[in-house]
Amino acid sequence: MLLLAMDTATPAVTVALHDGDSVVATSTRVDARRHGELLLPAVHQVLREAGRKLDAVTGIVVGVGPGPYTGLRVGLVTAATFASALGGVPVHGLCTLDGLAYASGIEEPFVVATDARRKEVYWARYDDCRTRVTDPSVDRPADIAQRVAGLPAVGAGARLYGEVFPDGRDPEHQSAAALASLAAERLRAGGAFEEPRPLYLRRPDAQVPKNYKVVTPK
């Protein structure tokens with residue numbers, strides 16, 4: 001087994017290789033505006049550090065969000081492209097929030113909250129680091145304060161809104177190493193994965209203008 005994992009659903013552009021037993025190389029850069037620029041060099045870096053070639057990869061792991069439209073699509077399109085180039089190796093989708101939860105190692109009820117912009121967070125509740133008990137949602141922190149009261153929280157959203165998530169814990173940013181480790185564990189156990197499709201939870205910021213003038217050649 002050699003899994004190539006990536007996630008661009010958050011400001012972290014993160015890539016890792018997992019050989020079925022452990023992570024053998026990883027790269028993470030936090031930059032919300034350069035997903036497309038940073039992802040491929042990160043893939044090349046982890047392959048080089050591990051001394052492996054792309055054609056040795058047996059599966060792709062990708063974070064499916066929730067996340068902003070543009071950044072999220074970079075990882076998903078890249079994962080699909082690599083899978084096709086490798087002759088159709090499987091693409092295993094994982095919820096981005098699940099990767100953060102797994103990395104936390106928390107064994108009590110807690111919350112994962114990432115920054116959704118617009119003064120909102122993407123979030124979900126967990127019974128432990130492997131068990132999500134609610135579907136991912138997007139809300140204003142003040143609107144969910146009672147639902148998350150008293151629970152530890154991880155993720156950049158928890159750091160931004162400490163008044164709602166006072167017990168903020170690590171990690172702040174997504175790690176493809178955690179995503180790859182979670183995927184390897186699920187594969188060994190015959191567990192389920194998400195479809196490798198973007199989980200947006202809301203419409204993209206970019207919209208077709210209304211009442212625009214159509215110009216056609218004469």
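User: How much area is buried between domain 1 and domain 2, and what share do carbon and sulfur atoms give?

Analyst: The size of an interface is often given as the accessible area lost when the parts come together. In this predicted model, domain 1 and domain 2 bury about 650 Å² between them, with 61% coming from carbon and sulfur atoms. On the domain 1 side, Pro 66, Pro 68 and Cys 95 lose the most area to domain 2, together making up 54% of what that side buries.

User: Where do the two domains run along the chain?

Analyst: The domain assignment puts 3-96 + 174-189 in domain 1 and 106-169 in domain 2. Their centres, taken over C-alpha atoms, are 24 Å apart. Seven residues from domain 1 and six residues from domain 2 make the contact.

User: How many salt bridges are there between domain 1 and domain 2?

Analyst: One salt bridge is counted between them. Arg 130 and Glu 185 meet through their side chains in a salt bridge, at 2.6 Å from N to O. By class, the domain 1 side touching domain 2 has four nonpolar, two polar and one charged residues.

User: Now the rings. How many aromatic pairs does the whole structure hold?

Analyst: A pair of aromatic rings is described by the distance of the centres and the angle of the planes. The search of the whole structure finds two aromatic pairs. Take Phe 110 and Tyr 126: their ring centres lie 5.4 Å apart and their planes sit at 20°, so this pair is stacked.

User: Which strands does that pair link?

Analyst: Phe 110 is in strand 6 (residues 110-117) and Tyr 126 in strand 7 (residues 120-128). The two residues are 16 residues apart, so the pair links distant parts of the chain.

Key. Residues numbered from 1 in each chain as written. Predicted model: local features only at pLDDT ≥ 70, side-chain atom pairs only at ≥ 80, totals over all residues. Heavy atoms only, no water. Domains from an automatic or database assignment. Contact = heavy atoms within 4.5 Å. Buried area = accessible area lost by both parts, 1.4 Å probe. Salt bridge = Lys/Arg side-chain N within 4 Å of Asp/Glu carboxyl O. Nonpolar A, V, L, I, M, F, W, Y, C, P; charged D, E, K, R; others polar. Phe/Tyr/Trp six-rings, centres within 6.5 Å; stacked < 30°, edge-to-face > 60°. Helix = DSSP H or I, 4+ residues; strand = E, 2+ residues; numbered from the N terminus.
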